[in-house]
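Trainee: Could you take me through the aromatic side of this model, up close? I'd like one connected answer with the cut-offs spelled out.

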Amino acid sequence: MRIEGHGISVKKILLAAGGLIVLAVIWSFIWGPLFAWGPMWGYERQNWEKVVSVAKDSSSFSGISNLDQVITGEEASHGLEYKHKVKIIITNSRGEWKRFVPWLSYSIGGGTMMTGNTIYINREKIDSRGYNLDGFFKHELSHELLYQNSSLSKAYRMYKQNWVEEGVATYFGGPYDYYASKDEFLNAYREAKLVPGSNPLLLYENLDKQNGKLSYTTYRYFFEYLSGKFGEEKLRKFIGLYTQDPGNFENEFKDSFGVAIHDAVEDFDQVIKS
């Protein structure tokens, strides 16, 4: 079949389109969003027992804590174990960040793949603002720990619910200097800028629409409240149950803490406002 007046066959058009797609995929593995699964030519690696850090040059590894110790701490605090090695890609420019994770804003310090094996750290952004680097590693590693103990579909459910995985990551890892301070959180909460609806969970579902950094701080203090009132062991039990069935979190919460989540949220609300 030919396109009249141009002498161009549909076959040639399809071959050209197919060639462009193949080139785009190759580019993605070598230099783009699929870089983490490609050969990573020209990049340095720093190997740990359960982590490999990847960066354009070795200077990007400076100031990073012993990641084996960080991993051990994450496993102990969450009551879970990493199933396989995590790849941490450290970027040092806007160009790198936008090539590797074009779906994420350049304004954030890190991002995690729900596949459970890849983390991106925006080192240029973190360093330029003077934020604590360890906090970003711990935060993103917390996400990967939950994802590795779940499945891709369940990881997506966690991501959509948000308040659990972000609450756990911010409570255990921070970075506390990146999110809203405790005073900012308390002032906003007590001034009724964050008001729960008839369903107390609406407090958490609506927070991101108002202020992302403030919402993560609120999630953090809710988990701090749970830990202080019920103990770390019950918190770890809830985390473990939640990774297996995020959609059943209300029953898992009651099973872990002995109270309904709505009652816990109402009590948390009274504690914060007192």
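Mentor: Here is a walk through the aromatic pairs, then the helix contact, the core and the backbone oddities. Keep in mind that this is a predicted model, where local features need pLDDT of at least 70, side-chain atom pairs count only at pLDDT 80 or more, and totals for chains, interfaces and linings use all residues. Residues are numbered from 1 along each chain as its sequence is written, and side-chain values use heavy atoms, with hydrogens and water left out.

The structure holds 25 aromatic pairs. Rings of Phe, Tyr and Trp (its six-membered ring) pair if their centres lie within 6.5 Å; planes under 30 degrees apart are stacked, over 60 edge-to-face, and the rest tilted. Take Phe35 and Phe100: their ring centres sit 4.5 Å apart with planes at 20 degrees, so this pair is stacked. It joins distant parts of the chain, as Phe35 is in the loop between α1 (10–31) and β3 (44–47) while Phe100 is in helix α3 (residues 94–100), 65 residues apart. Those labels come from DSSP runs, numbered from the N terminus: helices are H or I with at least four residues, strands E with at least two. Phe35 is buried at 0% relative accessibility, and Phe100 is buried at 0% too. (Buried means under 20% relative accessible area, exposed over 50%, partly exposed in between, with a 1.4 Å probe and protein chains only.)

Now look at Phe238 and Tyr242, whose ring centres are 5.9 Å apart with planes at 35 degrees, so that pair is tilted. They are four residues apart in helix α11, which puts about one helical turn between them. Phe238 is buried at 1%, and Tyr242 is buried at 1% as well. Both belong to one aromatic cluster, which also includes Trp163, Phe222 and Phe223. Trp163 is in helix α7 (residues 163–173) and is buried, at 3% relative accessible area. Trp163 and Phe222 are 59 residues apart in sequence, yet their C-alpha atoms are 9.6 Å apart in space.

Tyr242 also leads us to a helix contact. Helix α6 (residues 152–161) packs on helix α11 (residues 232–244) at about 120 degrees, with axes 8 Å apart. Axes here are lines fitted to C-alpha atoms, for helices over the stretch in contact, and angles run from 0 to 180 degrees between N-to-C directions. That makes α6 oblique to α11; under 35 degrees counts as roughly parallel, over 145 as roughly antiparallel, 65 to 115 as roughly perpendicular, and the rest as oblique. Lys154, Met158 and Gln161 of α6 meet Tyr242, Thr243 and Gln244 of α11, where contact means heavy atoms within 4.5 Å.

As for the core, Phe223 turns up again: with Ile88 and Ile121, Phe223 has the most contacts inside the largest nonpolar core, which has 59 residues. Such a core is a set of buried Ala, Val, Leu, Ile, Met, Phe, Trp, Tyr and Cys residues joined through side-chain atoms within 4.5 Å. Helix α10 (residues 212–230) gives the largest share of this core, nine residues.

Last, the backbone. Most residues other than glycine have a negative phi, and most peptide bonds are trans. Asn162, in the loop between α6 and α7, has a positive phi near 75 degrees. Gly174 and Pro175 are joined by a cis peptide bond, with omega about -5 degrees.
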